[in-house]
Amino acid sequence: MRRDWWKWFLGIWMTLMILGAFLYTPVAKGLGETTRVLYFHVPAAWVATLSFLISAVYSIRYLQKQQIQYDVWAASSAQIGFIFTILATVTGSIWAKEIWHSYWNWDPRETSIFVLLLIYAAYFALRSAIEDTNQKARLAAVYSILAFVTVPFLVFVIPRIYDSLHPDPLINPEVKIKMDPRMLRVFLGSLFGFTLLFYWMLRIKTDIEFLKLKLTKRM
Amino acid sequence: MGNSVSLYLLSVLGLLFQPETKEVGQNIYVVLAVTLIVWLGVFFFLLYLDRQLKQVKDKIDWENE
């Protein structure tokens, strides 16, 4: 129980953020009640980027040390990142239907996240195509690093080069945060909560993979 | 994990496809309740998974000793 305190803290924290998103924050002009998707859509996209970064970092560690646990961390992180990318895409698409009256517009931001999904889908295809554990880990590590190189371009650069329907991101060209202070509090709190949730999910996923490895060695 | 994703998507769908009536102020409480139920479902599911995993780990460690 004492070691699990942060999990209970996350439970209470996210509950407060949900209450804050609905009862405390004002709605943005022109977006109405759909503004509240912001507190779930952007953190999902943030966690996706973070998890791909962590996957790339563990891939580099694997190539340096050749220890299988780094490959497990890299693959698990990429899997959770992929789930959060799908969540960000679907929530964004549903939001677009309400605001732009179409689920999909091939807007630069929509196109870039779609390309990102394809790139990481190929990562899992590569992993499932190789049986030898060490070869799989080595090739996947190289691919993961190359895949992450595209992330800053797809997430941060391309949507800023082309005209987009997407609202100004939080870190805009003027480097100013244009948000009501109450919205900002809940938004940052939600980012923190999602990050902690990602850490917990990653711990569970890697524990399962390590158990699988242990059991395979015993058989 | 699949359950968590479905629940999460349901909450967002609930948020966006609320009927456009004069009672938007009332509907927002319904959406809030659904979102909270979904989050608590995800939270307790992860907690349960975590506990089960710990038990399996302890059992394997005990068998190895």
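A helix, as the word is used here, is a DSSP run of H or I covering at least four residues, and helices are numbered from the N terminus. In that sense B:K54 lies in helix α2 of chain B, in a model that is predicted and that scores ipTM 0.82 and pTM 0.84. Because B:K54 has 13 C-beta neighbours inside 10 Å, this lysine counts as partly exposed. B:K54 and B:N27 are separated by 27 residues in sequence, and their C-alpha atoms lie 41 Å apart in space.

Chain B as a whole has two helices and zero strands, and of its 65 residues 17% count as buried. The mean pLDDT of chain B is 77, with 62% of its residues reaching 70 or more. Where pLDDT is low, the predicted coordinates should not be read in detail.

The contact between the two chains draws 24 residues from chain A and 23 residues from chain B. On the side of chain A that touches chain B, the helices α1 (5–24), α3 (68–99) and α6 (181–218) of chain A each supply at least two residues, and α3(A) gives the most, with seven residues. Sorted by class, this side of chain A has 14 nonpolar, four polar and six charged residues.

Helix α3 of chain A deserves a description of its own. At 1.5 Å a residue, the 32 residues of α3(A) should span 46 Å, and the end C-alpha atoms are 46 Å apart, so the expected and modelled spans agree. The helix is mostly covered, in that 23 of its 32 residues are buried. Just after α3(A), A:H101 takes a positive phi of about 65°.

From this helix the reader can pass to the largest nonpolar core, which holds 54 residues, and in which A:Y39, A:A44, A:A48, A:A74, A:A78, A:F84 and A:A88 touch the most other members. Helices α1, α2, α3, α4, α5 and α6 of chain A, together with α2 (24–64) of chain B, each supply at least two residues of this core, and α3(A) gives the most, with 14 residues. In soluble globular proteins, nonpolar side chains tend to be buried together. Leaving aside neighbours within four places in sequence, A:F84 is in contact with A:A44, A:V47, A:A48 and A:S51.

Another residue to follow is A:T49, which is found in helix α2 (residues 38–65) of chain A. A:T49 counts as buried because it has 20 C-beta neighbours inside 10 Å, and 20 is the number at which a residue begins to be called buried. A:T49 and A:G81 are 32 residues apart in sequence, yet 7.1 Å separates their C-alpha atoms in space. Apart from its neighbours within four places in sequence, A:T49 is in contact with A:V151 and A:V155.

Last comes helix α5 (residues 133–161) of chain A, whose 29 residues should span 42 Å at 1.5 Å a residue; the end C-alpha atoms are 41 Å apart, which agrees with that expectation. The helix α5(A) nevertheless bends by about 35° at A:L154. Its buried residues are A:A137, A:A140, A:A141, A:S144, A:A147, A:F148 and A:P159, and what covers them includes α2, α3 and α4 (108–129) of chain A.

Terms used:
Residues numbered from 1 in each chain as written. Chains lettered and ligands numbered in written order. Predicted model: local features only at pLDDT ≥ 70, side-chain atom pairs only at ≥ 80, totals over all residues. Contact = placed C-beta atoms within 7 Å. Nonpolar A, V, L, I, M, F, W, Y, C, P; charged D, E, K, R; others polar. Buried ≥ 20, exposed ≤ 12 C-beta atoms within 10 Å, placed from the backbone. Expected span 1.5 Å × (residues − 1). Bend = angle between axes of the 7 residues up to and from the residue. Core = buried A, V, L, I, M, F, W, Y, C linked by C-beta atoms within 7 Å. pLDDT = per-residue confidence, 0-100.
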